[in-house]
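Visitor: Please take a close look at one part of this structure and describe how its surroundings are built. A connected account would be preferred to a list.

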Amino acid sequence: MSAAYLNPACFALARIGRLSARVSGPACHIEDTIVACALAAMMLLPIIEMVLRATVEVGVDNVNALVQHLALVTGTIGAAVAARRNRLLAFAGVHFLPARPAAYARCFSSTVAAAVCLALFLSSIAFVDTERAAGTVLAYGIPIWVAQLCLPAAFALLGIRMVTGNARG
């Protein structure tokens, strides 16, 4: 019997994991595209800033804050991509354990990680709502909370993937 089916809860999580694997195909491409575009923009914005300042003496408004928020998007969505590929450090130590203890260790660490993701998800929703109410603008009329929407999205994806990835892994 597979270590993923040690109890009824793991059996249910395995079913959820198989369902999420079928649904997540197009979402995976969206995540990868967001990370790639954010990385490209992080590289291009400072270069564009330097060229514009040198040639027409006008720069990109608030380029530092834009690059910082692009780094936030890259880091958070990149973590969701790493969770999708089972490349998070939380799973690193279980390879040294026998199958049954490794399954229990993976289940425990994933449960704790999912609980932390749930707390961060709820906190990030409150944070984004506070920023939305403040009405702060990042640059060019873009509200700052729009860039920060990656926080609750990434924590939700991380938490879901912690639970379902544990059942599949």
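**The surroundings of E49**

Guide: A polar atom of the E49 side chain lies 2.5 Å from the backbone nitrogen of V60. This distance, like every value below, is taken from a predicted model. E49 is found in helix α2, which spans residues 25-55. With a relative accessible area of 12%, E49 is buried, because the limit for that class is under 20%. Leaving aside residues up to four places away in sequence, E49 touches G59, V60 and V63.

Two of these partners lead into the nonpolar interior. V60 and V63 belong to the largest nonpolar core, which has 18 residues; together with L45, L66, V73, I77 and L138 they touch the most other members. Helices α2, α3 (63-84), α5 (144-147) and α6 (150-168), along with strand β1 (137-139), each supply at least two residues of this core. The largest share, eight residues, comes from α3. Apart from this core lies another, of nine residues, including A114, L151, L158 and M162.

I77, one of the core members just named, touches E31, I34, V35, C150 and A154, again not counting residues up to four places away in sequence. E31 in turn has a polar partner: its side chain makes a polar contact with the side chain of R161, at 2.6 Å. R161 is placed in helix α6. At 10% relative accessibility R161 counts as buried, since its value is under 20%.

Helix α2 also carries residues with greater exposure to the surroundings. L44, which has its place in this helix, is partly exposed, with a relative accessible area of 48%. L44 joins M43, I47, I48, M50 and V51 in a nonpolar patch on the surface, and together these residues have about 590 Å² of accessible area. E49, by contrast, is buried at 12%.

A further pair may be added from elsewhere in the chain. A119 is found in helix α4 (residues 99-134) and counts as partly exposed at 41% relative accessibility. The C-alpha atoms of A119 and F155 are separated by 8.9 Å, while the two residues are 36 residues apart along the chain.

To return to the starting point, E49 is a buried residue whose side chain has a polar atom 2.5 Å from the backbone nitrogen of V60, and V60 is itself a member of the largest nonpolar core.

Note on methods
Residues are numbered from 1 along each chain as its sequence is written. This is a predicted model: local features need pLDDT of at least 70, side-chain atom pairs count only at pLDDT 80 or more; totals for chains, interfaces and linings use all residues. Side-chain values use heavy atoms; hydrogens and water are left out. Patches are made of residues with over 30% relative accessible area and no salt bridge: like charges are joined within 9 Å, nonpolar side chains (Val, Leu, Ile, Met, Phe, Trp, Tyr) within 5 Å. Accessible areas come from the Shrake-Rupley method with a 1.4 Å probe; for residues, only the protein chains shown count as cover. A salt bridge is a side-chain nitrogen of Lys or Arg within 4 Å of a carboxyl oxygen of Asp or Glu. Helices (H or I, at least four residues) and strands (E, at least two) are DSSP runs, numbered from the N terminus. Buried means under 20% relative accessible area, exposed over 50%, partly exposed in between (1.4 Å probe, protein chains only). A nonpolar core is a set of buried Ala, Val, Leu, Ile, Met, Phe, Trp, Tyr and Cys residues joined through side-chain atoms within 4.5 Å. Contact means heavy atoms within 4.5 Å. A polar contact is a pair of N or O atoms within 3.5 Å; within protein, one must be able to donate a hydrogen and the other to accept it, and residues adjacent in sequence count only if both atoms are side-chain atoms.
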